[in-house]
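Here are some short exercises to work through with the model open beside you. Try each task before you read its solution.

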Amino acid sequence: MVAVTVDAGPDRGTAAPVIVMWAHPRAVSTAFLRMMIARGDITVVHEPMVTLTDLGAVAVPDGADGTVTVTSAARLYAHLTVLARRRPVFVKDTVEYRYRHLFDHPRDAAGLVHTFIVRHPERTISSHFAMNPKVTCAEIGYEHQWELFCLAREVTGRVPTVISAERLVREPHRVVAAYCAAVGLPYLPHALRWPAQDRTEWSRTRRWHLDVIGSTGFAEPARDYPVTASNDPVLRTYFDHHYPFYQRFAEHFI
């Protein structure tokens, strides 16, 4: 349990929500972001915290077809609040890292609508290793993700929305409709199909998003991985560490 003391969140007035989807890497989260882009009624921000952590700066939408560069988490969350004065904001971020700012500044965390997407760790770990053979146990991400879930529940007083990546792929209409209802967005069925295309949003990490670049909707990538938690002892330790966090999330799937 995360123990924090927090006063009321930022004065948002009549601002729209800032919805954040926290994802461990390889969770089908970029496809979900692609669907949010296809809606056309939301400002979409791709992985600002992981980029800020990696580079020390991140370019985010300015609300007027341009970008603005921010160099701290405090400025990022302040800017997201400003963007939400125009229309809803959807942020997708991955949790290779533990984002200390939110734990140290729970008021910023309280001003967000926190949501989570979780995929079974067996294929997640194999996929992550295939992309980055130097991946560490912490970078698999479920533990960091669960810490954020507990923080969000504590500071907002609400149980965050959690979706299963497998259910999303099998039943996209049902899962997306339930997600939209949970976060206060209209459900737009047309957004579940989109043209296959590259996007500037993920140009920095393009090689991680080749599946979604070629996609036209939600689908499970059809591939086998030669190295898995079943045949590699190191990956097995990763699985054993993170699977209990996955099980906790599974209790909350919509």
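**Exercise 1: An unusual backbone angle**

Glu-47 sits in the loop that links β2 (43-46) to α2. This is a predicted model, so please read each value below as computed from predicted coordinates.

Task: Find out what sign the phi of Glu-47 has, and decide whether Glu-47 is buried or exposed.

Solution: Start with the backbone. Glu-47 is not a glycine, yet its phi is positive, at about 50°. Next, take the relative accessibility, which is 6% for Glu-47. Buried means under 20% relative accessible area, so Glu-47 counts as buried.

**Exercise 2: Another loop residue**

Task: Do the analysis for Val-28, which is placed in the loop between β1 (18-23) and α1.

Solution: First, look at phi: Val-28 has a positive value of about 70°, although it is not a glycine. Then check the accessibility: at a relative accessible area of 16%, Val-28 is buried.

**Exercise 3: An arginine in a helix**

Task: Locate Arg-39, classify its exposure and list what it touches.

Solution: Begin with the location: Arg-39 belongs to helix α1 (residues 29-39). Its relative accessible area is 7%, so Arg-39 is buried. Finally, leave out residues up to four places away in sequence; Arg-39 then touches Cys-180, Leu-185, Pro-186, Leu-188, His-190 and Ala-191.

**Exercise 4: Two packed helices**

Task: Describe how helix α2 (residues 48-55) and helix α3 (residues 73-83) pack.

Solution: Packed helices are described by an angle and a distance between their axes. Here the angle is about 155° and the axes of α2 and α3 are 11 Å apart. Angles over 145 degrees count as roughly antiparallel, so α2 is roughly antiparallel to α3. The crossing of the two helices is right-handed. Now turn to the residues: from α2, Pro-48, Met-49 and Leu-52 meet Ala-73, Leu-76 and Tyr-77 of α3. Sorted by type, the residues of this contact are six nonpolar, no polar and no charged.

**Exercise 5: The whole chain**

Task: Count the helices and strands, then judge how compact the protein is.

Solution: The protein has twelve helices and seven strands. Its radius of gyration is 17 Å, close to the 18 Å that the globule rule gives for 254 residues, so the protein is as compact as a globular protein of that length. The C-alpha trace spans about 55 × 45 × 35 Å along its principal axes. Buried residues make up 50% of the 254 residues. To finish, consider contacts with a separation of 6 or more: 75% of them are between residues 24 or more positions apart.

How values were computed
Residues are numbered from 1 along each chain as its sequence is written. This is a predicted model: local features need pLDDT of at least 70, side-chain atom pairs count only at pLDDT 80 or more; totals for chains, interfaces and linings use all residues. Side-chain values use heavy atoms; hydrogens and water are left out. Axes are lines fitted to C-alpha atoms, for helices over the stretch in contact, and angles run from 0 to 180 degrees between N-to-C directions. Helices (H or I, at least four residues) and strands (E, at least two) are DSSP runs, numbered from the N terminus. Angles under 35 degrees count as roughly parallel, over 145 as roughly antiparallel, 65 to 115 as roughly perpendicular and the rest as oblique. A crossing is left-handed if the near helix is turned anticlockwise from the far one by less than a right angle, and right-handed if clockwise. Contact means heavy atoms within 4.5 Å. Ala, Val, Leu, Ile, Met, Phe, Trp, Tyr, Cys and Pro count as nonpolar, Asp, Glu, Lys and Arg as charged, and the others, Gly among them, as polar. The radius of gyration is taken over C-alpha atoms; the globule rule is 2.2 Å times the number of residues to the power 0.38. Buried means under 20% relative accessible area, exposed over 50%, partly exposed in between (1.4 Å probe, protein chains only).
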